[in-house]
Amino acid sequence: MGKPWWVLAATAVFAANALAQLSDTEQRIVAAVKQRSPAALQLLEKSVRINSGTLNPEGVRAVGEMYRAELDTLGFTTRWIDMPPAMKRAGHLVGVHAGNAGKRLLLLGHLDTVFEKGSGVPLWEERGDRVRGQGVSDMKGGDVIMIEALRALKVVGALDGARIEIMFTGDEERTGSPLETARAEMIAMGKRADYALSFEGSNRHDGVDTASIARRSSGGWVLRVKGKPAHSMGVFSAQSGYGAVYETARILNAFREQVIEPSLTFNPGLVFGGTNVSYADDTATASAFGKSNVIARDAQVLGDLRYLSPEQGERARQKMQAIVSSNNLPGTSATITFRENYPPMPPTEAGRQLVEIYSKASQDAGLGRIDILDPALRGAGDVQFVAPHTVGIDGLGAAGRGAHTDDEDLEVASIERGAIRAALLIYRLTRP
Ligand SMILES: [Zn+2]
């Protein structure tokens, strides 16, 4: 099998532009970014030291206020958008830079992290040329890259006239419900934009940074399984049956054996079963009561589902549904429900061309080419909501490892690298 088309395209650009130069203004932009590098790291540390798990609205707002102050000094008009109280989310920060020149840009970041208040992961832990911490690369590193890129443009007078809107969402990791309300403003902004640049982490492969032009959907499923509660000595008998837990195991194993295909993933993230079970959505906590000598009556599984196109999603749902509703073990029954949170963002030619501009800016600055990332290698993100309305790319953020895990970290040098690239890209797109 040859290399996928997105790899070939980026390589061709590299060869054609290896010797290009930066203009005087662009050189001053690069210098302005570099001069700020120690201060940029301090800004990152300050914002990372505030826990902003999605379910901690005070923390999310505090990070938002910090970034808002930065945007205010850069000449943006900022406002906070509150969400309905029932949504239990912090809301979003919006910034607008009015102008009349060049392409209209939408820049995307998020304030929340997957690390909720009780997380045992240290907020900020320096490790040589890397930093470990809550949301360092997903995505406060990217947020700071965006702010520092804009600051460098401001310093050299290159922000004048640029038409830029910014949204920092407060609920990217656990989107508020209903989605139509949570993302209404972002979609409206997407409709006004020629390009959307999203600053989620840049996956780095073999020393080459990447950008995304396609992202898989994100959504989920809930599997509910019923068995007959009876003394465990009768398990496997026709009268007592196998119970909810064995049936859950059968279904999950069949998913793994029968539904896997390229670009499609589904992950059972939480399984609980027993005599009585319950789940609290606001704390993402399940509880189960049961005894080892009683056949389980109830079991549930919360899982996710990610696909690259609507057709692939439909195919997966049909296969999973068939497994759940046929061949049930004796004495059991099961149902499954699905929901789609982030729509899939399939690759487009316009997106590929935007990455070419980005890659050229990076090479002109001596920072190497940018490859297009295989969409199977990243999760879902906010850019997908605006993708149907504008040309979006993602991955302009920091380089790190282990996003969403206890070991999430960040390559410190990727802040400066990302800010230089983003500043040059924004500069070139917003020229008259
Ligand atoms: Zn993220």
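**Note on the zinc site, a cavity and selected residues**

1. T54 is buried, its relative accessibility being 0% (buried means under 20% relative accessible area, exposed over 50%, and partly exposed in between, with a 1.4 Å probe and protein chains only). T54 sits in the loop that joins α3 (37-48) to α4 (57-73); helices (H or I, at least four residues) and strands (E, at least two) are DSSP runs numbered from the N terminus. Beyond its neighbours within four places in sequence, T54 has contacts with V60, R89, D112, T113, E116, G170, D171, E173 and R174, contact being heavy atoms within 4.5 Å.

2. The model is predicted, so local features need pLDDT of at least 70 and side-chain atom pairs count only at pLDDT 80 or more, while totals for chains, interfaces and linings use all residues. Residues are numbered from 1 along each chain as its sequence is written, and side-chain values use heavy atoms, with hydrogens and water left out.

3. The zinc ion has as protein donors H110 (NE2), D138 (OD), E200 (OE) and E200 (OE), at 1.8 to 2.8 Å from the ion. Donors are N, O and S atoms within 2.8 Å of the metal (3.2 Å for Na, K and Ca); water is not among the atoms, so sites may look incomplete. Along the chain the spacing of the donors is H-x27-D-x61-E. H110 belongs to strand β3 (residues 101-110) and E200 to the loop between β7 (195-198) and β8 (204-205), so this pair ties together parts 90 residues apart in sequence.

4. Why is the arrangement around the zinc ion irregular? The four donor atoms subtend angles of 50 to 138 degrees. Four donors count as tetrahedral if all angles lie between 85 and 135 degrees; four count as square planar and six as octahedral if opposite donors are over 155 degrees apart and all others between 65 and 115; anything else is irregular. Of the donor residues, H110 is buried, at 1% relative accessible area, and E200 is buried as well, at 6%.

5. Two cavities of 30 Å³ or more are counted. A cavity is a set of points, on a 1 Å grid over the protein atoms alone, where a 1.4 Å probe fits but cannot get out; lining residues have an atom within 4 Å of a point. The second largest has a volume of about 30 Å³, the volume being the space filled by probe spheres set on the points, which are joined across faces, edges and corners. Its lining includes the zinc donor residues H110 and E200, together with L108, G109, M139, S198, G381, D382, V383 and D394. Strand β3 gives the largest share of this lining, three residues.

6. Helix α5 (residues 136-155) has 18 of its 20 residues buried, so the rest of the structure largely encloses the helix. G157 follows α5 and has a positive phi, near 80 degrees.

7. L22, in the loop between α1 (5-17) and α2 (24-35), is buried, with a relative accessible area of 15%. Not counting residues up to four places away in sequence, L22 touches Q27, V30, D364, A365, L424 and R428. The C-alpha atoms of L22 and Y67 are 29 Å apart, with their positions 45 residues apart along the chain.

8. N293, in the loop between β13 (285-289) and β14 (298-306), is partly exposed, at 37% relative accessible area. Residues up to four places away in sequence aside, N293 touches A230, H231 and S232. The C-alpha atoms of N293 and M233 are separated by 7.4 Å, although the two are 60 residues apart along the chain.

Note on methods: 1 Å grid on protein atoms, 1.4 Å probe; cavity = no way out; pocket = protein on both sides within 12 Å on 5 of 7 lines; lining within 4 Å.
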